[in-house]
Amino acid sequence: MTLPAHPFGTEITTDTIVAQMQAAQGWEDRYRQVIQLGKKLPALPEEYKQAQLLVSGCESKVWLAHEQRGEVFHFAADSDARIVRGLITLVLAAYEGQDAAAIRDFDIDGYFDHLGLMAHLSPSRGNGLKAIVEQIKQLAAS
């Protein structure tokens, strides 16, 4: 099976997302931007919505699939919650199409700080976002 293609990490990068968020007028506007990004994430085909692909530590259901082609990792993910789909796109923009070293070395906390979102997320959403990041880092490290 081949993962479904998405624009995150290629057409929509961390730089474009940071610029969008910094141009946003307040938290509500940023929230809307995240939801809009989530709408650009293709739905994960049902065959990938398996128990072993569920990310533990997320309040909502989040499925994370990956493949490695050569040194490069590709990710596809989905959630049953709109805001979480948007948050997934922020992570995919950082890690899609990267090798293990780039995934390990990317300053995800600095990136999230630039987005200005973490302070506005509930603790469970913030922990879920970190769980997705940790799972990606573990996949890249193995």
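Modeller: Contact means that heavy atoms lie within 4.5 Å of each other. This is a predicted model, in which local features need pLDDT of at least 70 and side-chain atom pairs count only at pLDDT 80 or more, while totals for chains, interfaces and linings use all residues. Residues are numbered from 1 along each chain as its sequence is written, and side-chain values use heavy atoms, with hydrogens and water left out.

Colleague: How far apart are the end C-alpha atoms of helix α3?

Modeller: Helices (H or I, at least four residues) and strands (E, at least two) are DSSP runs, numbered from the N terminus. The expected span of a helix is 1.5 Å times one less than its number of residues. For the 14 residues of α3 (residues 82-95) this gives 20 Å, which agrees with the end C-alpha separation in the model, 21 Å.

Colleague: How many of the 14 residues of α3 are buried?

Modeller: Buried means under 20% relative accessible area, exposed over 50%, and partly exposed in between (1.4 Å probe, protein chains only). Helix α3 is largely enclosed by the rest of the structure, because its buried residues number 13.

Colleague: Which element gives the most to the largest nonpolar core?

Modeller: A nonpolar core is a set of buried Ala, Val, Leu, Ile, Met, Phe, Trp, Tyr and Cys residues joined through side-chain atoms within 4.5 Å. The largest has 41 residues, and those with the most contacts inside it include L90 and Y111. Elements giving two or more residues include α1 (14-23), β2 (72-79) and α5 (108-115). With ten residues, the largest contribution comes from α3.

Colleague: Which residues does Y111 contact, leaving aside its neighbours within four places in sequence?

Modeller: Y111 is buried, at 4% relative accessibility. Its contacts beyond those neighbours are T14, I17, V18, L90, A93, A94 and F106.

Colleague: What kind of aromatic pair do F73 and F75 form?

Modeller: Rings of Phe, Tyr and Trp (its six-membered ring) pair if their centres lie within 6.5 Å; planes under 30 degrees apart count as stacked, over 60 as edge-to-face and the rest as tilted. F73 is buried at 2% relative accessible area, and F75 is buried at 1%. Their centres are 6.2 Å apart with 10° between the planes, and the pair is stacked.

Colleague: What kind of pair do the rings of F106 and Y111 form?

Modeller: F106 is partly exposed, at 24% relative accessibility. The ring centres of F106 and Y111 are 5.5 Å apart and the planes stand at 70°, so the pair is edge-to-face.
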